[in-house]
Amino acid sequence: MKTGKLDSELLKKIVFEHIEYKSKDVLVRPGIGKDCAIVDYGENVCVLSTDPITGATNEVGRLAVHISCNDIASEGLEPLGIMLAIMVPEGTTESEIDDIMKQAGEEAGKLKVEIIGGHTEITNAVNKTIIVSTAIGKASKERYENRDDVKSGDAVILTKLAGLEGTGIIAYDNEKALLEVLTPEEIHNAKAMLEDVSVIREGVIAGDIGVSSMHDVTEGGILGAIWEICESSKVGATVYFDKIPVAKETLKICKFYDLDYLKLISSGCMIITVSERKKDKLLKALKDEGILATEIGVIQEKAIQLIKDGEILEIEPPESDELYKV
């Protein structure tokens, strides 16, 4: 099997099919494009998500906080707590673990998210640091029940720049090699992209306005996130390649390693679908908050497709992320 998360068909076949018991209190269960579970708590709902950090070597404490908090933000909420399970290989020093927790503590503090538990272990079961992050949020049931459905004609909005997180990870982990094609200033800019991997602000803004769906862009990149939204909502989409914003540093790195930046892990980006009548309000609210937001496509009834250089290309289910090629 390939490195990376399981593809959608395998996920259905060997994971979802073995989940037998169903609780009456669970409102949203595992599914393609569904990053969060939602549990009924009377007047409120509890929103939960879990994710690992496996593709990065540097800045893992920082990334671990954002990866699951971003999932909570995709429900239009601010996360309130996070739990971290940290497994490090034998030979890891005290100062290295201290650095991981310093990063996590600083990032959680910026987001006003409390680290409420977890586990830390030195083990020969791993050969690099692995962190599993679980985030928790809370919302009124009324807000959850009044969400829009994804419909044909909804605009597809992308926040920030394609390949954001992958660019930062590659720059940190391969700085010496990249000096062949990037200037020191461009290396600095690429690394700095990891300072912009939270989508909580845009998630809350979109949640307040009322949109039809949100999906933070993780493994599989922009195209993978769009495919998962369409698969989850049983719709199609047309996306325009020349409308997708990307940094010059990302373009240079992807050319150097022969990567497709539209399939590169991009935490910090959010795909938002929104009705035509709310689109301008959303774009203005994001702009007012200094968040780059670009309309890159439209929801339709059937095909999931990318228009590039006048050619219609099918957007396929996400496979192993481009990051693993590096």
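Colleague: Leaving aside neighbours within four places in sequence, which residues is Thr123 in contact with?

Modeller: This is a predicted model, to be clear. In it, Thr123 is in contact with Met87, Val88, Pro89 and Glu90, once neighbours within four places in sequence are set aside.

Colleague: Where is the place of Thr123?

Modeller: Thr123 sits in the loop between E5 and E6.

Colleague: Buried or exposed?

Modeller: Thr123 is buried, at 11% relative accessible area. A polar atom of its side chain also lies 3.0 Å from the backbone nitrogen of Ala125.

Colleague: On to the sheet. What is the order of the six strands?

Modeller: The order is E1-E2-E3-E6-E4-E5. The sheet is open and its pairing is mixed. Strand E1 (26–28) and strand E5 (114–122) are at the edges. Each has a single partner strand, so one side of each lacks a neighbour in the sheet.

Colleague: What does the twist average from one strand to the next?

Modeller: The twist averages 20 degrees.

Colleague: In what sense do E2 and E3 pair, parallel or antiparallel?

Modeller: Antiparallel, over five bridges. Strand E2 covers residues 37–41 and strand E3 covers 44–53. Val39 stands opposite Cys46 in E3.

Colleague: Which strands does helix H3 touch?

Modeller: Helix H3 (residues 94–111) packs on the sheet and touches strand E4 (81–88), E5 and strand E6 (130–140). The direction of H3 makes about 165 degrees with that of E5.

Colleague: You mentioned Cys46. How many disulfides does the structure hold?

Modeller: Zero.

Colleague: Why is Cys36 not in a bond?

Modeller: Because the closest cysteine sulfur, in Cys46, is 10 Å from the sulfur of Cys36, too far for a bond. A disulfide needs the two sulfurs within 2.5 Å. Cys36 is also buried, at 4% relative accessibility.

Colleague: And how far away is the nearest cysteine sulfur for Cys254?

Modeller: It is 12 Å away, in Cys269, and Cys254 is in no disulfide. Cys254 is buried too, with a relative accessible area of 3%.

Colleague: New topic. How many residues are in the largest nonpolar core?

Modeller: That core has 88 residues. Those with the most contacts inside it are Ile222, Ile226, Ile271, Leu282 and Ile296. Helix H2 (residues 60–73) supplies the largest share of this core, eight residues.

Colleague: Take Ile271. What is Ile271 in contact with, leaving aside neighbours within four places in sequence?

Modeller: Among them are Val156, Ile157, Leu158, Ser213, Met214 and His215. Its contacts also include Ile222, Ile226 and Ile296.

Colleague: Back to H2. Where does Ala73 lie, and what does it touch?

Modeller: Ala73 lies in helix H2. Not counting residues up to four places away in sequence, Ala73 touches Val199, Ile200, Gly203, Met214 and Met270. Ala73 counts as buried, at 0% relative accessibility.

Colleague: How many residues apart in sequence are Ala73 and Ile200?

Modeller: They are 127 residues apart in sequence, yet 4.9 Å apart in space, C-alpha to C-alpha.

Colleague: Ile200 is in H8. How many residues of helix H8 are buried?

Modeller: Eight of the ten, so to speak of helix H8 (residues 200–209) as mostly covered is fair. The buried residues are Ile200, Glu202, Gly203, Val204, Ile205, Ala206, Gly207 and Ile209.

Colleague: What phi does Gly210 take, just after H8?

Modeller: Gly210 takes a positive phi of about 95 degrees.

How values were computed: Residues numbered from 1 in each chain as written. Predicted model: local features only at pLDDT ≥ 70, side-chain atom pairs only at ≥ 80, totals over all residues. Heavy atoms only, no water. Buried < 20%, exposed > 50% of the residue type's maximum accessible area, 1.4 Å probe, protein only. Pairing = 2+ DSSP bridges. Helix = DSSP H or I, 4+ residues; strand = E, 2+ residues; numbered from the N terminus. Axes fitted to C-alpha atoms, helices over the stretch in contact; angles between N-to-C directions. Contact = heavy atoms within 4.5 Å. Core = buried A, V, L, I, M, F, W, Y, C linked by side-chain atoms within 4.5 Å. Polar contact = N/O pair within 3.5 Å; in protein donor to acceptor, adjacent residues only side chain to side chain.
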